[in-house]
Amino acid sequence: MRNQGHPAGSWYAATADPFPEQPALEGEVRADVCVVGAGYTGLGAALELASRGVRVVVLEAARVGSGASGRNGGQIHTGQRREQAWLEARLGLEDARALWRQAEEARDHLYGLIRSREIDCELRDGLIHARHRPGGEADDAAFIDHMRTVYGCERYSLLDDQAMAQALGTDVYHGGLVDAGGGHLHPLKLALGMARAATADGAVIHEMSRVTGWRRAAGRFVVETSRGRVVCDQLILSGDGYADGLSPVIDARVMPINNFIAVTEPLDRPDILPSGMAAADSRFVVNYFRRTPDGRLLFGGGETYSMAFPSDIAGFVRPHMLRIYPDLADVAISHAWGGSLGVTVHRTPFVQELEPGVRVAAGYSGQGVMLAPWVGALLGRAALGDTEGTDVLSRLPCPPFPGGPLLRWPALVAGMSWFALRDRFG
Ligand SMILES: Cc1cc2nc3c(=O)[nH]c(=O)nc-3n(C[C@H](O)[C@H](O)[C@H](O)COP(=O)(O)OP(=O)(O)OC[C@H]3O[C@@H](n4cnc5c(N)ncnc54)[C@H](O)[C@@H]3O)c2cc1C
């Protein structure tokens, strides 16, 4: 789905101070580094580069933060998208440890950025992981033990059925765990705060400037939009689920899927998430929810895999919400919207140098709030020659989707629908 700007039904857009419009690119501009896409990844890169005095130009097809970064659930998951045990089995213990350290640095980076740049984005601590099937307590206990003994991480704790019901205000789940290192925030306020910080440091952002192509010319890159071009030494491609046609290598590995959020009117329901933490469940098509500062329930649920969004997004999300909170049947939904995010075959981000001087990071597969600002910063560092951070990320397995450019969509839809079906009958 092409990004047309902030969606009309967005509670985030309704509650964030707008970012001043940035002029579209006109004519030819010179830069050290050109960044394509003004979400967390692109803004993270721009911030890193601008703060080091590098001439950086960001080209954004729509408005700053109007991609997934300004539409998401705002949930901060700690760690990488895949569990450490999976990373150990795939990459060995040494790389798995390096990836854990990276994720911890990503967390420190995010919290440090919010603090040091005074980004008021309603940051709250704590994330509850709820099990939708019975019988997973031993697995959760083994996970907590593994994280404590191998990684020294003490932040996870178990919840039994009853404690989970009290934590969420619903008894549909079968226990789970709390990640005291997780949390939640207002995602658009974070993106706009990053943009303010980057422009204050000297980054130049052009909105309504869709990149139509790029090429190498005379040892540099020429990045084209409909009304201008940037001539640069290095290029960072950070269009994630909204990029299409920037590179066939990315298109083969990062597929857009659509996910949807509904927000209720303020609720007088102190039993729902009384701790103020956010929650996500263990379904493949995950349900995730949290309270807003003014007492609404912000609920994410349901995915589609086509180019178009449902015409009634509130009606599309409502059944997912009622499955968890049946007694909200009469509650009005005031806002609803959708967004596209990049996923990869193994749900590991695709971080690569495609050719000398051209780098990409995309496909966080639903876990970009914490990772993307940091990975963007690492891409910025790599553009300056420091590839220590990106080296281990580029070893994550990220094969093309089966079927090639023509068949990848049907293959993805079939695969995703199968997992979603398993949820339904699980
Ligand atoms: C509904 C939803 C819920 C989510 N919930 C969570 C969550 O709770 N927690 C979590 O961690 N993650 C979540 N995610 C994922 C998270 O939002 C993303 O991983 C993250 O925002 C990716 O950031 P990004 O900068 O890489 O991409 P984006 O924020 O999508 O930014 C890409 C930008 O590139 C621009 N662009 C694309 N192509 C071009 C071009 N040719 N020229 C110029 N500009 C271009 C787009 O317009 C867009 O603004 C969710 C995503 C969605 C959609």
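Which residues of helix 2 meet which residues of helix 7? Keep that in mind while setting up the view.

This is a predicted model, in which local features need pLDDT of at least 70, side-chain atom pairs count only at pLDDT 80 or more, and totals for chains, interfaces and linings use all residues. Residues are numbered from 1 along each chain as its sequence is written.

**Stop 1: helix 2 and helix 7**

Select helix 2 (40-51) and helix 7 (residues 187-200). Helices here are DSSP runs (H or I, at least four residues), strands are runs of E (at least two), and both are numbered from the N terminus. The two axes come within 9 Å and cross at roughly 25°. Axes are lines fitted to C-alpha atoms, for helices over the stretch in contact, and angles run from 0 to 180 degrees between N-to-C directions. That makes helix 2 roughly parallel to helix 7. Angles under 35 degrees count as roughly parallel, over 145 as roughly antiparallel, 65 to 115 as roughly perpendicular and the rest as oblique. The crossing is left-handed (the near helix is turned anticlockwise from the far one by less than a right angle; clockwise would be right-handed).

Now show side chains. From helix 2, Tyr-40, Leu-43, Gly-44, Ala-46, Leu-47 and Ala-50 meet Ala-191, Met-194, Ala-195, Ala-197 and Ala-198 of helix 7. Contact means C-beta atoms, placed from the backbone, within 7 Å. The tally is 10 nonpolar, one polar and no charged residues. Ala, Val, Leu, Ile, Met, Phe, Trp, Tyr, Cys and Pro count as nonpolar, Asp, Glu, Lys and Arg as charged, and the others, Gly among them, as polar.

**Stop 2: helix 2 and helix 10**

Keep helix 2 and add helix 10 (residues 368-383). Their axes come within 7 Å and cross at roughly 45°. That makes helix 2 oblique to helix 10. The crossing is right-handed. Pick out the contact residues, including Tyr-40, Gly-44 and Leu-47 of helix 2 and Gly-368, Trp-374 and Gly-380 of helix 10. By class there are 12 nonpolar, six polar and two charged residues.

**Stop 3: helix 4 and helix 10**

Stay on helix 10 and add helix 4 (residues 93-116). The pair packs at about 90°, with axes 8 Å apart. That makes helix 4 roughly perpendicular to helix 10. Glu-105, Ala-106, Arg-107, His-109, Leu-110 and Leu-113 of helix 4 meet Met-370, Leu-371, Pro-373, Trp-374 and Ala-377 of helix 10. Eight of these residues are nonpolar, one is polar and two are charged.

**Stop 4: the ligand**

Select the shell around the ligand: 46 residues, each with its C-beta atom, placed from the backbone, within 6 Å. Gly-37, Gly-39, Gly-67, Gly-73 and Gly-368 come nearest. Helix 2, strand 11 (255-264), strand 15 (333-343) and helix 10 each supply at least two residues. Helix 10 gives the largest share, four residues. The shell holds 19 nonpolar, 23 polar and four charged residues.

**Stop 5: two domains**

Colour domain 1 (11-72 + 188-248 + 345-417) and domain 2 (124-180 + 256-343). These bounds come from an automatic or database domain assignment. Their C-alpha centres lie 28 Å apart. The contact takes 17 residues from domain 1 and 11 from domain 2. On the domain 1 side, helix 1 (11-15) and helix 12 (404-425) give two or more residues. Helix 12 gives the most, three. That side has nine nonpolar, five polar and three charged residues. Bring the ligand back: each domain gives its shell at least three residues.

How values were computed: Contact = placed C-beta atoms within 7 Å.
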